[in-house]
Amino acid sequence: MPSIKDINYRLPTIEPLQKGQSFLNSANKPFVITGVDTMTGLKDDYVVKLMKAERMSEAAAMREVIAAFIAMELDLPVTLPALINMPPDFINILKGESEYLVASQSLGYNFGTRYVTGYQVFAVNQALPNTLIDSALEIFAFDVLIQNADRSHEAPKKPNLNTNGKQLLIFDHEVAFGFIFELPFSKNKQPWVIRDIDKLWIEKHCLFRSLRGNLFDEQNLLHKFARLDNAFWNRCWVLLPDSWREKEQFESIKGFVNQIVSNGSIFIKNLQLLLA
């Protein structure tokens with residue numbers, strides 16, 4: 001996985017050329033576009049979430065990017081983020097398509113990810129092969145770190161987790177960092193401590209039952225958590241489009257994650273107790 005702290009890393013901007021498959025069963029109704037990287041000229045397929053879709057907004061797009069950046073820094077198998085520019089000419093091409101109305105209200109930058117083929121939706125509660133347990137444990141820890149309750153086994157939620165049998169693949173993080181939606185008096189003042197109220201959504205995680213009885217590699221996780229340093233957060237802010245920057249929310253996310261990282265050993269021990 002690339003690191004955003006690499007001076008050569010950039011969040012690619014993609015100009016769409018044609019529309020592909022639609023995912024109408026998903027809340028945001030994303031769809032595939034074939035597009036070209038404005039800097040390199042390389043053509044590839046991307047999944048785009050329109051800015052005016054059901055659960056999207058500039059702040060939601062910011063959360064998507066931050067979560068993807070954190071996953072990348074932790075070497076997790078996440079779909080790589082991109083900015084999908086939606087110009088009027090391309091939106092006109094969508095006339096007659098189910099996405100046209102929302103697209104017509106989503107001019108400019110929209111959140112996208114590189115489209116990955118050859119994967120299927122992870123079957124919730126299936127037995128994990130030994131080769132995927134370490135990756136699954138790290139994904140589980142990541143979701144608790146960013147308070148992502150959306151990777152759930154409960155209907156109508158989908159696991160937002162795919163697999164090809166050899167690897168896992170994570171995506172969809174617009175409702176991550178759930179603590180920002182809590183009232184000030186109800187926020188966890190010690191986020192490295194997992195409260196009973198947090199256990200309600202954590203135990204619904206699509207990997208929870210499959211991971212019971214397995215052990216985290218504490219030293220490896222602590223080593224990865226240490227990458228989420230000031231250099232990471234500074235670079236994260238710089239890479240965000242101006243229109244997506246919500247300073248108060250960004251600082252809240254940064255502060256929450258930093259508190260957990262600073263108390264990483266306790267956090268991991270609490271995670272381990274959940275899986276005992």
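In which kind of crossing does α7 pass α10? The crossing is right-handed. Before you check it, a few ground rules.

This is a predicted model, where local features need pLDDT of at least 70, side-chain atom pairs count only at pLDDT 80 or more, and totals for chains, interfaces and linings use all residues. Residues are numbered from 1 along each chain as its sequence is written, and side-chain values use heavy atoms, with hydrogens and water left out. Helices (H or I, at least four residues) and strands (E, at least two) are DSSP runs, numbered from the N terminus.

**Stop 1: α7 and α10**

Two packed helices are described by the angle between their axes and the distance between the axes. Select residues 218–225 for α7 and residues 264–274 for α10. They pack at an angle of about 130°, with their axes 10 Å apart. That makes α7 oblique to α10. Axes here are lines fitted to C-alpha atoms, for helices over the stretch in contact, and angles run from 0 to 180 degrees between N-to-C directions. Angles under 35 degrees count as roughly parallel, over 145 as roughly antiparallel, 65 to 115 as roughly perpendicular and the rest as oblique.

Now look at the handedness: α7 passes α10 in a right-handed crossing. A crossing is right-handed if the near helix is turned clockwise from the far one by less than a right angle, and left-handed if anticlockwise.

Show side chains next. From α7, the contact (heavy atoms within 4.5 Å) uses E218, L221, L222 and F225. From α10 come G264, S265, F267, I268 and K269. By class, this contact has 5 nonpolar, 2 polar and 2 charged residues. Ala, Val, Leu, Ile, Met, Phe, Trp, Tyr, Cys and Pro count as nonpolar, Asp, Glu, Lys and Arg as charged, and the others, Gly among them, as polar.

**Stop 2: α4 and α7**

Keep α7 and add α4, residues 130–145. Their axes are 12 Å apart, at an angle of about 50°. α4 and α7 are therefore oblique to each other. α4 passes α7 in a right-handed crossing. Pick E138, A141 and L145 on α4, then N220, L221, K224 and F225 on α7, to see the contact. Its residues divide into 4 nonpolar, 1 polar and 2 charged.

**Stop 3: the second largest cavity**

Rolling a probe the size of a water molecule over the atoms shows where empty space is left. On a 1 Å grid over the protein atoms alone, a cavity is a set of points where a 1.4 Å probe fits but cannot get out, while a pocket is an open set with protein on both sides within 12 Å along at least five of seven lines; lining residues have an atom within 4 Å of a point. Grid points are joined across faces, edges and corners, and a volume is the space filled by probe spheres set on the points.

The structure holds 2 cavities of 30 Å³ or more. The second largest has a volume of about 40 Å³. Select its lining: L74, L76, E138, A141, F142, L221, K224 and F225. α4 and α7 each give two or more of these residues. The lining has 6 nonpolar, no polar and 2 charged residues.

**Stop 4: the largest cavity**

About 90 Å³ of space lies here. Among the lining residues are V144, W201, I202, F256 and F267. α5 (196–202) and α9 (247–262) each supply two or more. Which element gives the most to this lining? That is α5, with 3 residues. The lining divides into 9 nonpolar, 2 polar and 1 charged.

**Stop 5: α1 and α9**

Stay on α9 and add α1, residues 58–73. The two axes come within 11 Å and cross at roughly 30°. α1 and α9 are therefore roughly parallel to each other. Their crossing is right-handed. On α1, select A59, M62, R63, I66 and I70; on α9, select Q249, F250, I253 and V257. This contact has 7 nonpolar, 1 polar and 1 charged residues.

**Stop 6: the largest pocket**

Finish at the largest pocket, with a volume of about 910 Å³. It is lined by 39 residues, and F23, S26, N160, F171 and D172 are the closest to its centre. Elements supplying at least two lining residues include α1, β1 (13–22) and β3 (43–49). The largest share, 4 residues, comes from β5. Color the lining by class to find 17 nonpolar, 13 polar and 9 charged residues.
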